Amino acid sequence: MVIKVFLATSSGSTAIKKKQQDVVGFLEALKVDYTQLDIACNEENRMWMRQNVPMEKKPTNGIPLPPQIFNEDSYCGDYDTFFDAKEDNTVYSFLGLPPPPGSKEAVEADKAHIVENGTHAEEADAEGNPDDSAEVPVEERNGDAHGEEDAQAADEEEEGEGGEEEVAEGETAEATEGETAGDEAPAEETGEEAMEETDEEARAEEEEDQEGADDDREEEEAEVQEEEEEEDVEETQEEEAE
């Protein structure tokens, strides 16, 4: 397939010259084989170009201006459609040529084919049927097949961790209550012991007071008895003296 570019080498229009240079320069940069056909010096080229541009692509006056691009006898477009294809990275598609491997257009076309058919374009067999041995993995076509399982496992792990945390919190709370109860129990025992000691001290003091009172009564009785004995002695002496 040969790309034909119809030009006017002796055009007096600066705009047309610039458009022609843009098309030719871009094709050379892409290393696309093409043939320049001059319509200014060759009436046959001029007539062929005008006859093969589709009616719906011609301007209102019916005379198409260069540059006009063909792939053999198939019409590709004029400068405006070429410029749009260049901006969209679809020049090879515009020219009717397969994009070279590794080019942006080839990568985009491969991605589009994967999305549409689920297999790589270059992995189809000679009859155009997808090669089952090179089928795109299920994960790439339908998303991660294990995504839901992983998510479910993650949820179960979180629930398990939550349960363990609740159990741990419950055990901690019970331990805390046990310690608190343990602390309160010695405190209660200490209070009871203190009360018992106070009662014993009180009883001891009462006993001491009682013993002291008994001692006082005995001393008083002894004094009274001595006084009585002394009186008896005095009366006896008086009687003897008389």
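**Figure 1. Overview of the predicted chain.** Residues count as buried under 20% relative accessible area, as exposed over 50% and as partly exposed in between (1.4 Å probe, protein chains only). The model shown is predicted; local features need pLDDT of at least 70, side-chain atom pairs count only at pLDDT 80 or more, and totals for chains, interfaces and linings use all residues. Numbering starts from 1 along each chain as its sequence is written, and side-chain values use heavy atoms, without hydrogens or water. Of the 242 residues of the chain, 20% are buried. Seven helices and four strands make up its secondary structure (DSSP runs numbered from the N terminus: H or I over at least four residues for helices, E over at least two for strands). Read from the N terminus, the elements follow the order β-α-β-α-β-β-α-α-α-α-α. The chain has a mean pLDDT (the predictor's confidence in each residue, from 0 to 100) of 76, and 60% of its residues reach 70 or more. Confidence is highest in strand 3, at 98, and lowest in helix 6 (residues 138–142), at a mean of 51.

**Figure 2. Close-up of the salt bridge between Lys4 and Asp73.** The structure holds three salt bridges, each a side-chain nitrogen of Lys or Arg within 4 Å of a carboxyl oxygen of Asp or Glu. In general, side chains of opposite charge can pair when their charged atoms come close. In this view, Lys4 and Asp73 meet through their side chains, at 3.9 Å from N to O. The pair links distant parts of the chain, 69 residues apart: Lys4 belongs to strand 1 (residues 3–7), whereas Asp73 sits in the loop between strand 3 (68–71) and strand 4 (74–78). Lys4 is buried, with a relative accessible area of 19%, while Asp73 is exposed at 55%.

**Figure 3. Close-up of the salt bridge between Asp22 and Lys86.** The closest N and O atoms of Asp22 and Lys86 are 3.2 Å apart. Because Asp22 lies in helix 1 and Lys86 in helix 3, this salt bridge ties together parts that are 64 residues apart in sequence. Asp22 is partly exposed, at 22% relative accessible area, whereas Lys86 is buried, at 17%.

**Figure 4. Close-up of the salt bridge between Glu43 and Arg46 in helix 2.** The side chains of Glu43 and Arg46 form a salt bridge, with an N to O distance of 3.3 Å. Both residues belong to helix 2 (residues 43–52); they are three residues apart, so about one helical turn separates them. Glu43 is partly exposed, with 48% relative accessibility. Arg46 is also partly exposed, with a relative accessible area of 22%.

**Figure 5. Close-up of the largest pocket.** The pocket is an open set of points on a 1 Å grid over the protein atoms alone, with room for a 1.4 Å probe and with protein on both sides within 12 Å along at least five of seven lines. Its space comes to about 230 Å³. The lining (residues with an atom within 4 Å of a point) comprises 15 residues, and Lys19, Leu65, Pro66, Gln68 and Asp78 are the closest to the centre of the pocket. Helix 1 (14–29) and helix 3 (79–87) are the elements that give two or more residues to the lining. The largest share, three residues, comes from helix 1. By residue class, the lining divides into nine nonpolar (Ala, Val, Leu, Ile, Met, Phe, Trp, Tyr, Cys and Pro), five charged (Asp, Glu, Lys and Arg) and one polar residue (the others, Gly among them).

**Figure 6. Close-up of the cis peptide bond from Pro66 to Pro67.** The peptide bond that joins Pro66 to Pro67 is cis, its omega being near 0 degrees. Pro67 is placed in the loop between helix 2 and strand 3. Pro66 is also one of the residues closest to the centre of the largest pocket.

**Figure 7. Close-up of Lys31 and Asn89, two residues with positive phi.** Lys31 is a residue other than glycine with a positive phi, near 60 degrees. Lys31 is found in the loop between helix 1 and strand 2 (34–38), and with 75% relative accessibility it is exposed. For Asn89, likewise not a glycine, phi is near 55 degrees. The loop between helix 3 and helix 4 (91–95) holds Asn89, which is partly exposed at 40% relative accessibility.

Technical notes: Grid points are joined across faces, edges and corners, and a volume is the space filled by probe spheres set on the points.
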